[in-house]
Amino acid sequence: MSALWAVVAYVPFIDPLDAHHWWYLLLVPMAALIAVSYKAVRVETLRDFPKEAAIMTVQIVLGIVLIGVASFLFVEEVLPMIAR
């Protein structure tokens, strides 16, 4: 009975899923869903929709990867030089 109550009482913002080991795999579906929903409103013809959604998905993923690399380099290289 207590296991059933734990499932019913699950609150995602207070007790989130433990996805720390594979969070990067969630980046692609999240970017794809954002691109599909944005392009569904913005594209003029449905003929261009799949191509433009795929391009935007790649842009989002590459942008987030580049931001991650830039922030890593800033924290590991620039901040120690400033702290000296």
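Here are some numbered notes on the structure above, from the overall picture down to single residues.

1. First, what kind of model is this? It is a predicted one, where local features need pLDDT of at least 70, side-chain atom pairs count only at pLDDT 80 or more, and totals for chains, interfaces and linings use all residues. Residues are numbered from 1 along each chain as its sequence is written, and side-chain values use heavy atoms, with hydrogens and water left out.

2. On confidence, the protein averages a pLDDT of 88 (pLDDT is the predictor's confidence in each residue, from 0 to 100), and 88% of the residues score at least 70. Look at the elements and you'll find the lowest mean pLDDT, 61, in helix 1, and the highest, 96, in helix 2.

3. The fold is easy to list: three helices and zero strands, running α-α-α from the N terminus on. Helices here are DSSP runs of H or I with at least four residues, strands are runs of E with at least two, and both are numbered from the N terminus.

4. How much of the protein is buried? Buried residues make up 14% of the 84 residues; buried means under 20% relative accessible area, exposed means over 50%, and partly exposed is in between (1.4 Å probe, protein chains only). The protein exposes about 7500 Å², with carbon and sulfur atoms supplying 73% of that area. Accessible areas come from the Shrake-Rupley method with a 1.4 Å probe, and for residues only the protein chains shown count as cover.

5. Now go inside. The largest nonpolar core has six residues, namely Leu-27, Ala-31, Ala-35, Met-56, Ile-60 and Val-61. Helix 2 and helix 3 (49–83) each supply at least two residues of this core. A core in this sense is a set of buried Ala, Val, Leu, Ile, Met, Phe, Trp, Tyr and Cys residues joined through side-chain atoms within 4.5 Å. As background, nonpolar side chains tend to be buried together in soluble globular proteins.

6. Ala-31 is a good residue to click on. You'll find Ala-31 in helix 2, and Ala-31 is buried because its relative accessible area is 0%. Leaving aside neighbours within four places in sequence, Ala-31 is in contact (heavy atoms within 4.5 Å) with Thr-57, Ile-60 and Val-61. Ala-31 and Thr-57 are 26 residues apart in sequence, yet 5.3 Å apart in space, C-alpha to C-alpha. With the same kind of neighbours left out, Ile-60 is in contact with Ala-31, Ile-34 and Ala-35.

7. How many salt bridges does a search of the whole structure find? The search finds one, and a salt bridge means a side-chain nitrogen of Lys or Arg within 4 Å of a carboxyl oxygen of Asp or Glu. Lys-39 pairs up with Glu-52, and their closest N and O atoms are 3.4 Å apart. Lys-39 lies in helix 2 and Glu-52 in helix 3, so the pair ties together parts that are 13 residues apart in sequence.

8. Is Lys-39 buried or exposed? Lys-39 counts as buried, because its relative accessibility is 16%, whereas Glu-52, at 25%, counts as partly exposed. Not counting residues up to four places away in sequence, Lys-39 touches Phe-49, Glu-52, Ala-53 and Met-56.

9. Finally, check the surface. Trp-22, Trp-23, Tyr-24, Leu-25 and Leu-26 make a nonpolar patch of about 590 Å². Patches are made of residues with over 30% relative accessible area and no salt bridge, with like charges joined within 9 Å and nonpolar side chains (Val, Leu, Ile, Met, Phe, Trp, Tyr) within 5 Å. Trp-22 sits in the loop between helix 1 (2–8) and helix 2 (27–42) and counts as partly exposed, at 42% relative accessibility.
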